[in-house]
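Reader: I am new to this structure and would love a close look at one part of it. Could you walk me through that part, and then show me how other parts are put together?

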Amino acid sequence: MTQKTTATRAGNRSVLLRRICLGAGIAGAAIVGAAIVGAAPALAAGWEPTKPVEFIVPAGTGGGADQMARLLQGIITKNNLMKQPMIVVNKSAGAGAEGFLAIKEAKGDPNKIVITLSNLFTTPLATGVPFNWKDLTPVAMLALDQFVLWVNADTPYKTAKEYLDAAKAAGPNKFKMGGTGSKQEDQIITVAVEKAAGVKFIYVPFKGGGDVAVQLVGKHIDSSVNNPIEAVAQWRAGQLRALCVFDGERMPYKSKVTATMSWNDIPSCKEAGVGVDYLMLRGIFMPAGVTKEQVDFYVDLFKKVRETAEWKKFMEDGAFNATFMSGPEFTKWVEKTESTHKDLMREAGFLAKP
Amino acid sequence: MLELSALFHGFAVVLSPFNMLLMLIGIVLGVIIGVLPGLGGANGVAILLPLTFTMPPTSAIIMLSCIYWGALFGGAITSVLFNIPGEPWSVATTFDGYPMAQQGRAGEALTAAFTSSFVGAFFAVLMITFLAPLVARFALKFGPPEFFAVYLLTFCSFIGMGKGSPFKTLASMMLGFALAAVGMDTVTGQLRLTFGFHDLMRGFDFLIAVIGLFGIGEILLSMEEGLSFTGKTAKIDLKVVISTWKKLPAYWLTSLRSTLIGIWMGITPGGATPASFMSYGVAKRMSKDGGKFGSGQIEGVIAPETAAHAAGTSALLPMLALGIPGSPTAAVLLGGLLIWGLQPGPLLFVEQKDFVWGLIASMYLGNLAGLIVVLTCVPLFAAILRVPFSIIAPVIVVICAIGAYTVHNAMLDIWFMMLFGVMGYFFKKLDYPLAPLVLALVLGDRAEDSFRQTMLISQGDLRIFYSNWLVGSITGLALMMLFWPVLSKVIGRLRDA
């Protein structure tokens, strides 16, 4: 009798245990945060986030900025770099204006950060939505994203010059250039190429970089200026050909990506005779009105992220320019880049009418 | 039979206790996510993605894809019970599912919905197993003109949905297009119809409109009828599953058609939502009981659910084989793949055999596990209808409000939801159909984008829609669908004469 009771009790307990396991799984998302609070090693004295940090992505899910933000979240969580959890929130409306306005309105809130892409400059200039990087506090530049001129591998063009000569010979509005969004970086580069080479493309805007790469493989467009990471899968499969990278010098990564080529084997557009260079900022900003201590915490945090193996691998896979900047140096860079964008967009006729 | 041995290898990968446990957790989480309107599969997967960074990639994708299956199943529950679609792809399920619940056939409707979902998914996985490389090449043929032709076909196969005046249908659809136009315009990069209000930048999200129009609108109507809940309580036990299963084989043709529509829309990538609408429209057109659709026909539940699940499953194929996501959830999964160090694209099938075939095997097992979980819960779900309306109504309103808020984390969206609720109430009172509005809202801006991209490519020449066999035949089919009522009349006259 006693034995039987014990057995039943043990059975009950195992059922209970299983329930708890399941419950833990369900509540997992919430619990992770709590677990980190308990497990994190004590950090050096100084300011630390006081509640979960909201990491705003001013772009849709699945894009370049979103991938980077989610990777950062993963690295910070996995390596216990911060006591508070980090929550990635996409605010993509109005070409990212939604996300930037949210940071602008959160003046003085040190628990919010935003990752930027070129829309930090292009969106206010093209749409007239009232924000400027001066409404935010620059924290750090994480990397610069490259752009590459791609064509379908079935086409005969081996160099940028051959392709652009063909486009010139065909006359204006014959060759189609696909890109992400309108009046944003892809179209700015397209206009710059048109000016440099004396050609005229039909620019076809798509919603995301992945779409553009696939449209190029399907030969619905003739070329694209995708970021390396957006087209690398098709490049490796031999469906796309890289003609040149829009930078003054070649990318530094020398390990083989395709069967025969490394990122370093792609000529720079400068040496290919197309004097266009453009790099896109992947940087972190905070709301205005935060203290230096608070900014320093995040600078320090992202410095630690840069040291991790995951981040280094991500930089190489995506062929990023891994320049890091913070403080006055970064602010100066942002200032300069804004005026470059203003000039480029004025020339292209993309500025919003007041 | 190379695929078969690869598949069995995949089963061997999946069938570890750890992976099976993850699968179960994923399904349960997915169902919960699917039930809550607003918290879509994409959000759910995005929130849980960081949890998986420490797992092996295969285990991680098994859990995340099971959340996805669970959400596909769960979306049907609230559509049938309360006329509130938990997910965009279950809007079409409300058309006949909710009337069935009102007639006391909630158990039957749920069983039909779940079983059809499983059937759709199963055939889609079979297709992925054996035809993946072939199908992936087909997807590459879709450029902007082809996409527009597909959207046109969806709209055209849906015309004639409204039982009332065709002008009311048209008015409703046009209002949907107008609402879809608010916000950012991809082609020019300008804000439209925002009147200087920054909050309108987000546009009118389809989910908020659906929650308001269907959920809140329904509650307002019930309140007018003196809080009497029209849902009759029926005998609820597991026998309803068996008795419904006996009825299902009779509708094999509808299932087959819906599966094909779903697979096709999933690959192209139109996605699960247009697939469910198109499938419902086509089933109504083809069925001999077409006139009774909307009054609680089981076929009207089978068609959209089969197609939605087939599309949701096959949407993963372009993601794996091409690196383009066929749905928002697939887009988040794609981000996950990159973080785990896997590169989606043409080489994934070659370089990462374990991963790919493990995932495909988990599609079979995950869907089966999902079906078992949800079917055993049918009596439980149906029993919710026994709760008095005066108690359940406030709960629904709160859940709706949370759902509307989660879409963009914006308070204003809750007010929009209320506004849409009032609109839904008047629509029903004045006998305007809601479905065309919803359809136009969800597909309107995508159709517009692809039309304008096409016009850029062709430099304004409309003949591009007949420029190759693929786009030509889809456009032709669409126009035939549009003029079918007229055509069938003419043919009938000719026969009589």
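Which strands of chain A does helix H8 (residues 209-217) lie across, and at about what angle does helix H8 run to E6(A)?

Author: Happy to help, and please keep in mind that this is a predicted model. Helix H8 (residues 209-217) of chain A lies across strand E5 (148-152), E6, E7, E8 and E9 of chain A. Its direction is at about 155° to E6(A).

Let us look at the sheet beneath that description. Five strands of chain A form an open sheet with mixed pairing, in the order E7-E6-E8-E5-E9. Strand E7 (202-206) and strand E9 (240-245) of chain A stand at the edges with a single partner strand each, so one side of each has no neighbour in the sheet. In general, strands of a sheet pair through backbone hydrogen bonds, in either a parallel or an antiparallel way. Here, strand E6 (residues 176-180) and strand E8 (residues 223-224) of chain A run parallel and are joined by two bridges. If you want a place to rest your eye, find A:Gly178, which stands opposite A:Ser224 in E8(A). Another helix to look for is H7 (residues 185-197) of chain A, which lies across E6 and E7 of chain A and runs at about 150° to E6(A).

Now step back to the domains. The domain assignment of chain A gives domain 1 (44-145 + 280-348) and domain 2 (148-265). The C-alpha centres of these two domains of chain A are 27 Å apart. Their contact takes 18 residues from domain 1 of chain A and 16 residues from domain 2 of chain A. On the domain 1 side, helix H5 (119-127), helix H11 (309-317) and helix H12 (327-348) of chain A each supply at least two residues. That side of domain 1 has seven nonpolar, eight polar and three charged residues.

From here we can cross over to the other chain. In all, 51 residues of chain B are in contact with 50 residues of chain A. Among the elements of chain B that each supply at least two residues to this side are helix H2 (17-35), strand E1 (183-185) and helix H21 (435-458). H15(B) gives the most, with seven residues. By class, the side of chain B that touches chain A divides into 32 nonpolar, 17 polar and two charged residues.

Within chain B, two helix pairs are worth a visit. Two packed helices are described by the angle between their axes and the distance between the axes. For helix H9 (residues 206-224) and helix H19 (residues 389-408) of chain B, the axes come within 10 Å and cross at roughly 165°. H9(B) and H19(B) are therefore roughly antiparallel to each other. The crossing of H9(B) past H19(B) is left-handed. Residues that meet here include B:Leu207, B:Ile211 and B:Gly215 in H9(B), and B:Phe389, B:Ile396 and B:Cys400 in H19(B). The residues of this contact of H9(B) with H19(B) divide into twelve nonpolar, three polar and no charged.

The other pair is helix H1 (residues 2-14) and helix H17 (residues 353-376) of chain B, whose axes come within 7 Å and cross at roughly 80°. That makes H1(B) roughly perpendicular to H17(B). Among the residues making the contact are B:Leu7, B:His9 and B:Phe11 of H1(B), with B:Lys353, B:Asp354 and B:Trp357 of H17(B). By class, the contact of H1(B) with H17(B) has nine nonpolar, four polar and two charged residues.

Notes:
Residues are numbered from 1 along each chain as its sequence is written. Chains are lettered from A and ligands numbered from 1 in the order in which they are written. This is a predicted model: local features need pLDDT of at least 70, side-chain atom pairs count only at pLDDT 80 or more; totals for chains, interfaces and linings use all residues. Axes are lines fitted to C-alpha atoms, for helices over the stretch in contact, and angles run from 0 to 180 degrees between N-to-C directions. Helices (H or I, at least four residues) and strands (E, at least two) are DSSP runs, numbered from the N terminus. Angles under 35 degrees count as roughly parallel, over 145 as roughly antiparallel, 65 to 115 as roughly perpendicular and the rest as oblique. A crossing is left-handed if the near helix is turned anticlockwise from the far one by less than a right angle, and right-handed if clockwise. Two residues are in contact if their C-beta atoms, placed from the backbone, lie within 7 Å. Ala, Val, Leu, Ile, Met, Phe, Trp, Tyr, Cys and Pro count as nonpolar, Asp, Glu, Lys and Arg as charged, and the others, Gly among them, as polar. Domain bounds come from an automatic or database domain assignment. Two strands pair if DSSP finds at least two bridges between them.
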